[in-house]
Amino acid sequence: MAAGASFGLMDKAYFVGRGEILSWVNATLQLSLNKVEEAASGAVQCQLLDMVHPGLVPMHKVNFDAKTEYDMIQNYKILQDVFNKLRIGKNIEVNKLVKGRPLDNLEFLQWLKRYCDSVNGGIMNENYNPVERRSKGCKERSHKGSNKPSKSLQANRLSSANSADGGALNSNIDLASPIGKVCNAINEEHYMEQIQQLSEKIADLKVSVDNTEKERDFYFSKLRDIEILCQRPELEHLPMTKGIRKILYAADAKDSSLPEANEIITRSPGMFSEEAE
């Protein structure tokens with residue numbers, strides 16, 4: 001089986017067209033893929049090996065609904081374990097595949113088709129039911145998931161930041177393996193994105209604080225001008241001035257001093273004598 005990893009770049013396998021690859025995958029696994037990048041999750045590759053090596057792939061662990069890079073990596077971890085058991089030396093470039101790059105996914109499927117064709121002379125297992133295998137795997141996985149508390153991707157990543165041994169994300173992965181290196185790279189990329197987002201938020205907050213301070217200084221200067229004006233000898237004895245100063249020097253910020261200021265002005269003699277007349 002190890003010979004399956006020795007296909008060179010000039011092997012005829014890499015000249016198989018995209019349409020032919022999709023037709024082969026769809027016919028073999030009874031799927032309806034429209035693009036090779038739809039196989040980026042690694043679930044398709046796991047089932048192709050399950051077809052040619054029945055019972056070797058733990059299909060109940062394969063996640064066909066994988067959307068995040070974290071979940072996709074779990075599928076490729078399963079695939080890598082199967083490769084190790086079969087002594088296949090093919091390098092799985094997980095960091096490229098999970099990005100959904102068409103060319104990388106096409107080349108890997110081309111290699112995988114060549115490998116599957118080399119097993120048992122390319123004779124299909126007529127007793128293999130791909131739909132049944134997928135459905136059984138999904139039922140088993142969902143049943144197991146219902147018996148234990150769920151943990152979101154974000155919770156996994158946050159716990160990985162706080163754990164002393166490198167985090168929940170890498171707890172079951174050999175850090176020296178290609179999968180482990182990809183996990184570390186994705187962790188680093190995730191944290192860099194978080195740092196970038198937090199840096200942008202801090203910058204926005206600084207701008208907001210600067211604007212608030214400028215507005216505060218502007219209104220404070222206006223109040224200070226009014227205070228200086230009220231301190232002029234010819235004005236400080238006037239009822240209007242006393243009312244304004246009552247508002248300016250009010251100690252309680254909760255209650256308005258306007259009613260008291262109005263009362264000072266209203267009670268002052270001569271203020272409304274002309275209106276009374």
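1. A salt bridge is a side-chain nitrogen of Lys or Arg within 4 Å of a carboxyl oxygen of Asp or Glu. The structure discussed here is a predicted model, and a search of the whole of it finds nine salt bridges.

2. One of these salt bridges joins K99 and E69, whose closest N and O atoms are 3.1 Å apart. K99 sits in the loop between α4 (94-97) and α5 (102-118), while E69 belongs to helix α3 (residues 69-86), so the pair ties together parts that are 30 residues apart in sequence. To check this contact in the viewer, select K99 and E69 and look for the N and O atoms that face each other at 3.1 Å.

3. Empty space comes next. Rolling a probe the size of a water molecule over the atoms shows where empty space is left. The second largest pocket has a volume of about 250 Å³. Its lining is made by 15 residues, and the closest to the pocket's centre are E38, S41, F64, A66 and K67.

4. Which helices each supply at least two residues of the lining of this second largest pocket? They are α2 (43-52) and α6 (130-146). Sorted by class, the lining of the pocket holds ten nonpolar residues, four charged residues and one polar residue.

5. On the surface, L223, I226, M240 and I244 make a nonpolar patch of about 310 Å². Two elements give two or more residues to the patch, namely α8 (178-230) and α10 (239-248). Of the patch residues, I226 can be placed in helix α8.

6. One annotation comes from a database record. In an unreviewed entry, UniProt places the feature "coiled-coil region" at residues 188-215. In the model, the span 188-215 is 100% helix and 0% strand, and its end C-alpha atoms lie 41 Å apart.

Notes: Residues numbered from 1 in each chain as written. Predicted model: local features only at pLDDT ≥ 70, side-chain atom pairs only at ≥ 80, totals over all residues. Heavy atoms only, no water. 1 Å grid on protein atoms, 1.4 Å probe; cavity = no way out; pocket = protein on both sides within 12 Å on 5 of 7 lines; lining within 4 Å. Points joined across faces, edges and corners; volume = space filled by probe spheres on them. Helix = DSSP H or I, 4+ residues; strand = E, 2+ residues; numbered from the N terminus. Nonpolar A, V, L, I, M, F, W, Y, C, P; charged D, E, K, R; others polar. UniProt positions renumbered as here; feature names shortened; annotations may be inferred. Patch = residues over 30% accessible without salt bridge, like charges linked within 9 Å, V, L, I, M, F, W, Y side chains within 5 Å. Areas by Shrake-Rupley, 256 points an atom, 1.4 Å probe, with all protein chains shown as cover.
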